[in-house]
Amino acid sequence: MPELPEVEITVRGLAPVLEGQRLASVVMRRADLRYPFPADLGQRLTGATVTGLGRRAKYGLIHTDREDTLVFHLGMSGRWRVDPSEADKHDHLLIETGAGRVAALNDPRRFGFVDLVRTDALAAYPPFAAIGPEPLGEALSARHLYDAFDGRSAPVKALLLDQRVVAGLGNIYVCEALHMARIAPNRAGGRIALPRLERLVDAIRDVLAAAIAAGGSTIRDYAQPDGELGYFAKQWRVYGREGQPCGCGATVKRRAEGGRSTFWCPVCQRG
DNA sequence: ATGTCCACCTGCTGGC
DNA sequence: TGCCAGCAGGTGGACA
């Protein structure tokens, strides 16, 4: 589910529930997700006060006054449910605040994980160390992509999915951004001229901003923490639209490679 | 180093 | 109705 916009929406949804609140209880309903929960997660979080929330790439950050940050990744099917009306068997981690609010980390496929990291050492946290620039900030530029793509023969789509090149993009938004920029997904990254990369950077920023504004893309199990759906799926131009018309009238195509699907318009995205 | 495929896990859908 | 194949937002390890 969750690419940058969905994680951003998740963090924004958790903030009013957790920020400034003392954590009254932390319950792990199983020992692990993709990785084991930190053994001392409960002790280190219980009684701590949440000082703020943040996001890096597709990782959510819950900072506490004990100089620990809870880092979470939602994998493919993770989401946080706020004040769930009934329990679900995939609620794996439950956090209750002193005010009696509950945040439940729900993840049927368990590809997500949580970790506890010293806040002052976040930059050196191994998963963050090599992550590329945030696409919504100044650090992402056409020049950055040009340098990152230099000499690479891999399809531009694969390069954009590499979190070391740009942070936070996944299969949906890469397909959408490439369509907006009119670049063929299988084009070798190293053979795209700078002006087209300018277009690509604009497209990445535009599609992510629009998705955040719409509350993310709801597919299957994704929802915002308050249960509201994300409506960006209605704005997909190519993703999930195999056989349907592109805005130009041509038919959207799909190709599966390495277990993932790429959607594109063969007319709009020629080169 | 680079590119490609696969496993990890559960749930849902569509075809027979 | 049941069963089975195929598919799904991510990541990282194993290959050639």
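In this predicted model, the backbone of Ala154 gets involved with the DNA: one of its N or O atoms sits 2.9 Å from a phosphate oxygen of DNA strand B. Ser153 does much the same job on paper, with a polar backbone atom 2.7 Å from a phosphate oxygen of DNA strand B. Arg109 goes for a base instead, and here it is the side chain that takes part, an N or O atom of it lying 2.8 Å from a base oxygen of DNA strand B.

Zooming out from these contacts, the residues around DNA strand B include Lys89 and His90, the run Pro108, Arg109, Arg110 and Phe111, then Arg152, Ser153, Ala154 and Pro155, and finally Gly258. Sorted by class, that surface comes out as four nonpolar, three polar and four charged residues. On the DNA side, sugar or phosphate accounts for 66% of the strand B atoms within 4 Å of the protein, and bases make up the rest.

Next comes the layout of the protein itself. Chain A is assigned two domains, with domain 1 covering 4-129 and domain 2 covering 142-264. Their C-alpha centres are 27 Å apart, and the two touch through 18 residues of domain 1 and 17 residues of domain 2. About 1400 Å² is buried between domain 1 and domain 2, with 65% of that area coming from carbon and sulfur atoms. On the domain 1 side, the residues that lose the most area to domain 2 are Pro5, Glu6 and Ile9, which together give 37% of what that side buries.

What polar pairing is there across this interface? Three residue pairs in polar contact turn up between domain 1 and domain 2, while the salt-bridge count between them is zero. As for which elements build the domain 1 side, helix H1 (4-18) and strand E5 (79-82) each put in at least two residues. H1 has the largest share, supplying nine residues of the side that touches domain 2. By class, the domain 1 residues touching domain 2 split into eight nonpolar, three polar and seven charged.

Salt bridges do show up in the structure, though, 15 of them in total. One pairs Arg44 with Asp68, the closest N and O atoms being 2.9 Å apart. Arg44 belongs to helix H2 (residues 41-45) and Asp68 to strand E4 (residues 68-73), so this salt bridge ties together parts that are 24 residues apart in sequence.

How values were computed: Residues are numbered from 1 along each chain as its sequence is written. Chains are lettered from A and ligands numbered from 1 in the order in which they are written. This is a predicted model: local features need pLDDT of at least 70, side-chain atom pairs count only at pLDDT 80 or more; totals for chains, interfaces and linings use all residues. Side-chain values use heavy atoms; hydrogens and water are left out. Domain bounds come from an automatic or database domain assignment. Contact means heavy atoms within 4.5 Å. Buried area is the accessible area (1.4 Å probe) that two parts lose on being put together, summed over both. A salt bridge is a side-chain nitrogen of Lys or Arg within 4 Å of a carboxyl oxygen of Asp or Glu. A polar contact is a pair of N or O atoms within 3.5 Å; within protein, one must be able to donate a hydrogen and the other to accept it, and residues adjacent in sequence count only if both atoms are side-chain atoms. Helices (H or I, at least four residues) and strands (E, at least two) are DSSP runs, numbered from the N terminus. Ala, Val, Leu, Ile, Met, Phe, Trp, Tyr, Cys and Pro count as nonpolar, Asp, Glu, Lys and Arg as charged, and the others, Gly among them, as polar. A residue is near a molecule or strand if one of its heavy atoms lies within 4 Å of it.
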